[in-house]
Amino acid sequence: MADKSDKDRNASASAFGWAFQVGAGIKLMLENVKEFTALKMEGKDDDIEITLPNGKIYAQAKSVTQMNQQNTANDNLRKSLETLSDDVKKNSDFVQLIYITNILNPLSNSREMSPFYSSYNSQYDYSSLPLEDQNKLKDIVGNDFPVEKFHIHVLKFFGEGDNKFATIKENIKSFLLEALGDTAYVEQLWSSWYTLFSLNCADKPKEGMSFAKEKKEIMYPVIVLAIDNPVKIEEFQKVSDFEDYDEIASQYIKLINARCCEYDFVTPALAEYSIQRRLLNSEERAKFKYRFVINNWEKYENAFNEIIDDDVRQAVVKLTLLTMINRNKKIEQVRKAANLQ
């Protein structure tokens with residue numbers, strides 16, 4: 001009978017393995033962010049399944065807890081290839097077959113050949129592998145395995161706490177730069193995604209974990225970031241000389257959010273903004289939103305009649321219009337970056 005310390009070690013390794021699988025899933029998802037339509041993970045078999053319009057990516061994620069740990073490399077490789085072989089036999093819709101691991105020498109290459117696998121965060125397709133490794137793979141999978149679809153990903157995933165996710169966060173940072181034009185929200189998006197993906201992994205055995213979501217559900221936290229960011233005071237000051245920005249930004253945030261979600265307010269305002277903006281050249285468009293707010297805020301003042309003070313009302317209307325324009329632009333950026341329909 002295993003003692004409590006054995007169980008603790010098993011639980012720790014199980015949680016580490018699921019964390020690696022989550023990180024690997026995010027990495028592969030972001031590499032296919034414009035094309036993928038759904039993501040599924042099964043902890044029991046270390047499966048990652050990414051749905052694309054033309055088929056599916058089937059991936060196996062295997063990890064070790066210590067850098068330079070090599071003793072389980074062959075076993076991890078064999079188990080992964082066996083599962084991928086089963087995927088091939090059961091499904092005809094595969095477009096890629098991936099083995100992703102944090103083992104730097106994933107095929108336990110011979111000593112004189114090992115420099116081939118010299119860096120983390122690398123990718124190799126079958127044709128690029130040394131002949132020795134191509135033959136090793138063929139010996140495991142047989143002649144019926146579609147080796148031309150097979151890829152190996154070596155991902156750095158070590159360290160204490162969140163440090164092991166550093167590479168994953170770099171992938172998220174690149175995506176945020178395109179989606180929002182701002183990398184400041186890496187930690188926030190990572191936290192949201194990990195919470196969504198992990199499904200309380202610390203409270204369950206790895207065999208019981210699973211995750212399956214459509215693209216829109218996975219990208220929802222990015223949309224939240226797009227609409228949650230307040231207008232910067234520097235922008236507000238370009239359209240208003242109202243002195244206490246913090247007062248109106250905090251006191252009227254519910255009203256501003258409400259108006260920005262109202263079809264009858266947003267649709268005509270954005271339509272007018274878009275029509276006027278299309279008539280401008282690219283240089284004029286860059287600063288047009290400020291001119292639009294200054295010249296048109298009075299048209300939308302009636303939607304804020306509950307504000308008695310004229311100066312406050314004008315400031316809130318202008319802040320609302322700026323917020324609406326900024327959110328619409330960011331949501332369009334996210335839609336484009338993730339190819340959301």
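**Group meeting: one chain, two cores**

Hi everyone. A compact globule of 341 residues would have a radius of gyration near 20 Å, whereas this protein chain comes to 26 Å; that radius is taken over C-alpha atoms, and the globule rule is 2.2 Å times the number of residues to the power 0.38. Along its principal axes, the C-alpha trace spans about 80 × 50 × 35 Å.

A word on the model. It is predicted, so local features need pLDDT of at least 70 and side-chain atom pairs count only at pLDDT 80 or more, while totals for chains, interfaces and linings use all residues. Residues are numbered from 1 along each chain as its sequence is written, and side-chain values use heavy atoms, with hydrogens and water left out.

Now, the inside. Of the 341 residues, 47% are buried (under 20% relative accessible area, 1.4 Å probe, protein chains only). The largest nonpolar core (buried Ala, Val, Leu, Ile, Met, Phe, Trp, Tyr and Cys joined through side-chain atoms within 4.5 Å) has 48 residues, and Ile172, Phe175, Trp193, Phe197 and Met219 touch the most other members. Its largest share, 10 residues, comes from helix α1, residues 4-31 (helices are DSSP runs of H or I, at least four residues, numbered from the N terminus).

What does tryptophan 193 contact, leaving aside neighbours within four places in sequence? Its partners include Ile26, Met29, Leu30, Ile172, Phe175 and Met219, with contact meaning heavy atoms within 4.5 Å.

Apart from that core lies another of 33 residues, with Val266, Leu270, Ile307 and Leu321 among them. Thanks, everyone!

Conventions
Buried means under 20% relative accessible area, exposed over 50%, partly exposed in between (1.4 Å probe, protein chains only). Helices (H or I, at least four residues) and strands (E, at least two) are DSSP runs, numbered from the N terminus.
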